[in-house]
Amino acid sequence: MTHIVTVGFASDGKLNKSLFELIGAAKSFENTELSVVAVGSTIDTNELVGYGVKKVYVVDGLSEYQPESYLNAVLKGLDALKADIILLSGDSIGRELGPRLAIRKGFSLFSDVIKLKETNQGLVVTKPVYGGKAEAEFLNKGETAVVLLRPKAHDKALKSDDVAVEIEKVTFEASGFDGLVRIIEKLKDEGEGVKLEDAKIIVAGGRGVGSKENFSYLEELALVLGGSVGASRAAVDAGWVSTTLQIGQTGSIVAPDLYIAVGISGATQHMAGVSAAKHIVAINTDAEAPIFSFAEYGIVDDYNVILPVLTEKLREILS
Amino acid sequence: MKIAVCIKQIMDPEISPRDFKIDADAKNAVLGKNPLVISTFDENALEVALQYVEKNSGEITVFTYGVAKSEDALRKALAMKADNAVLLESTKEAGWDSYQTGKVLAEGLKKHGPFDLVFFGRQAGDSDAGIVGAVVAEELGLPLVSFVTTINQKDDKVFFDRVTDEGRERVEASPPLAVTVTNDEGNTPRIPKVKDIMMANRKQISKESVGELPASDFMEIISLDIPSSDVVCEFLDGNEPADKVNRLVEKLKESKVL
Ligand SMILES: Cc1cc2nc3c(=O)[nH]c(=O)nc-3n(C[C@H](O)[C@H](O)[C@H](O)COP(=O)(O)OP(=O)(O)OC[C@H]3O[C@@H](n4cnc5c(N)ncnc54)[C@H](O)[C@@H]3O)c2cc1C
């Protein structure tokens with residue numbers, strides 16, 4: 001019997017959606033017991049009914065995310081149980097806390113995992129390496145393994161029954177480093193609106209867009225489509241858009257129905273963020289650009305010429 | 001402030017997929033004629049440290065754990081205007097276990113420290129693990145501020161701007177600290193001047209041997225592959241831009257995204 005523990009966060013009372021991706025991944029294992037460690041405030045454990053979760057360890061009373069107190073709270077929750085595999089989402093919280101809790105407990109650690117399976121030798125995980133140009137399989141040689149799953153690489157678990165979950169409250173008092181790192185304010189940024197992670201349509205621009213001003217072509221198209229604007233790292237580094245718009249392995253991982261890549265070459269590090277997109281369209285002057293090995297539809301042309309025509313046409317038919 | 005920046009030399013992560021080859025038996029990428037560079041986010045980390053020192057004050061020591069030729073990465077960091085460089089020299093390329101790398105770096109940092117701020121890139125461009133910064137933080141007993149883009153100081157308070165899935169936020173934290181850096185428009189690495197490259201070549205680098213590390217207790221790589229894509233792109237051609245656009249719109253209607 002493999003005991004899989006998924007870790008969820010609920011700083012505003014609602015459990016994070018990616019927790020259900022973790023449960024989805026855990027369910028592909030046979031002969032397992034599934035538990036949840038939930039950290040946050042006024043956590044509604046009813047949300048977990050029906051997913052095959054046996055027990056929930058609740059560490060309540062932490063209303064806002066602060067890294068040091070959340071780290072200690074998860075550790076406290078893990079102390080209450082014996083896990084074989086601990087799953088966390090590789091979102092910004094998971095990537096911050098996962099490695100540290102593994103190291104403190106002396107567990108093995110695998111990050112950015114896209115597949116995992118139990119074998120005769122033990123747990124085997126698959127993760128992209130060399131910026132996604134290759135994929136490696138690693139065998140876990142430690143006893144317990146902490147695994148950070150790449151967001152959106154697994155489908156969310158579906159509700160299958162109404163069996164109640166057992167709940168154990170874990171008491172926790174913040175201490176130690178808790179006051180040393182303090183989030184003091186959220187900073188306003190351009191590109192508010194629909195979060196990229198949730199957007200159904202994304203128009204993304206790269207170095208080929210050429211300037212900050214020219215991103216207005218992409219904004220107009222996105223507006224007509226009711227979508228959001230994203231970018232490659234090169235467009236961020238050029239100073240044309242905010243880093244919060246970066247899509248890819250080290251930016252947002254997105255899963256829109258339609259992804260329109262404008263002046264983006266299709267580096268594996270960028271494409272790692274869009275592998276869950278349903279339809280990819282690429283507009284690029286270079287017919288040899290790698291983006292065309294990922295795109296379903298391609299237009300080889302200058303976007304300066306194509307985008308205004310496309311925006312006008314869509315305005316006609318969508319209004 | 002006494003500042004350390006940990007950097008890693010890797011095969012250029014920006015090479016085209018055509019130039020990327022693997023040795024499936026050795027389970028490694030083949031360097032071939034590809035260039036070696038400082039891993040991108042480590043350069044961003046050095047840039048953030050340099051900007052901090054320019055605005056305030058401090059001394060920067062760069063550390064790397066690697067084989068002899070990693071010295072080139074340290075020379076480049078010195079040319080970018082880091083003050084000192086330490087090579088924790090191994091006789092063999094580092095393996096996949098980030099714990100081991102982190103522990104070696106932590107030992108080096110202890111010996112040359114203590115440091116007020118210890119910087120890392122958020123992840124290396126080859127292993128893509130994002131673990132080393134956290135290992136060192138734990139080994140040295142330091143709190144960690146991650147995905148930082150900029151550092152500011154007001155009186156004796158240090159503020160870190162960072163990026164999360166929710167957007168940007170500002171964090172207040174007191175050194176000593178470990179910091180991992182992610183890219184934004186303000187920390188694009190500077191390009192060293194020719195005169196500084198020449199100066200850097202004459203600088204002393206402190207070299208310490210760490211020998212060869214044992215096999216990992218935690219993990220073993222069992223396969224390495226280049227994933228294949230089965231997507232065949234349908235190119236939408238036409239004489240006029242409007243023809244291409246019309247064909248695209250038809251396709252999008254067929255696939256029901258419009
Ligand atoms: C560790 C690591 C992590 C990374 N993480 C990310 C990440 O999360 N996201 C990310 O995006 N990148 C990431 N990168 C960077 C990535 O490797 C590429 O450098 C980057 O994605 C390239 O951006 P680009 O396609 O916009 O630019 P380029 O590769 O320069 O491509 C520009 C394209 O525009 C086309 N073009 C030029 N003019 C026009 C025109 N007028 N009309 C149409 N097309 C035109 C060109 O043909 C070209 O194909 C990472 C790199 C590393 C090392």
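How far does a polar side-chain atom of Ser232(A) lie from an oxygen atom of the ligand, and what is the answer in Å? The distance is 2.6 Å. This is a predicted model, and its ligand sits between chains A and B. Below is a friendly tour of the ligand site, the interface, a sheet that takes strands from both chains, and a few backbone details.

**Around the ligand**

- The ligand has 30 residues surrounding it, and the closest are Arg207(A), Ser232(A), Thr250(A), Ser265(A) and Glu14(B).
- Ser265(A) has a side-chain N or O atom 2.6 Å from an oxygen atom of the ligand.
- From the chain B side, Glu14(B) places a polar side-chain atom 2.6 Å from a ligand oxygen.

**Where the two chains meet**

- The interface brings 82 residues of chain A into contact with 83 residues of chain B.
- About 7,300 Å² is buried between chain A and chain B, and carbon and sulfur atoms give 60% of that area.
- Of the area that chain A buries against chain B, Tyr130(A), Lys133(A) and Tyr297(A) supply 11%, which is more than any other three residues.
- If you like to think in terms of charge, eight salt bridges are found across the interface of chain A and chain B.
- One of these pairs Lys186(A) with Glu169(B), whose side chains meet at 2.8 Å, N to O.
- Polar contacts across the interface of chain A and chain B come to 43 residue pairs, counting those with both residues at pLDDT 80 or more.
- Helix H3 of chain A (residues 92-105) gives the most to the side of chain A that touches chain B, contributing eight residues.
- Sorted by type, the residues on that side of chain A are 39 nonpolar, 24 charged and 19 polar.

**A sheet shared by both chains**

- Six strands make up an open sheet, in the order E13(A)-E12(A)-E14(A)-E15(A)-E16(A)-E15(B), with parallel pairing.
- The edges are held by E13 of chain A (228-231) and E15 of chain B; each has a single partner strand, so one side of each is left without a neighbour in the sheet.
- In general, the strands of a sheet pair through backbone hydrogen bonds, and they can do so in parallel or antiparallel fashion.
- The link between the chains is made by strand E16 of chain A (residues 297-300) and strand E15 of chain B (residues 234-235), which run parallel and are joined by two bridges.
- Within that pairing, Tyr297(A) faces Glu234(B) in E15(B); Tyr297(A) is also one of the three residues named above for their share of the area that chain A buries against chain B.
- Towards the other edge, four bridges connect strand E12 of chain A (residues 201-205) with E13(A), again running parallel.
- Ala204(A) has Gly230(A), in E13(A), as its bridge partner.

**Backbone details in chain B**

- Gly113(B) and Pro114(B) are joined by a cis peptide bond, with omega of about 5 degrees.
- Pro114(B) belongs to the loop between helix H3 (98-112) and strand E8 (117-121) of chain B.
- A cis peptide bond also joins Pro175(B) and Pro176(B), where omega is about 5 degrees.
- The loop holding Pro176(B) runs between strand E11 (167-173) and strand E12 (177-181) of chain B.
- Lys27(B) is not a glycine, yet its phi is positive, at about 55 degrees.
- You will find Lys27(B) in the loop between strand E3 (21-23) and strand E4 (28-30) of chain B.

Technical notes. Residues numbered from 1 in each chain as written. Chains lettered and ligands numbered in written order. Predicted model: local features only at pLDDT ≥ 70, side-chain atom pairs only at ≥ 80, totals over all residues. Heavy atoms only, no water. Contact = heavy atoms within 4.5 Å. Buried area = accessible area lost by both parts, 1.4 Å probe. Salt bridge = Lys/Arg side-chain N within 4 Å of Asp/Glu carboxyl O. Polar contact = N/O pair within 3.5 Å; in protein donor to acceptor, adjacent residues only side chain to side chain. Nonpolar A, V, L, I, M, F, W, Y, C, P; charged D, E, K, R; others polar. Pairing = 2+ DSSP bridges. Near = heavy atom within 4 Å.
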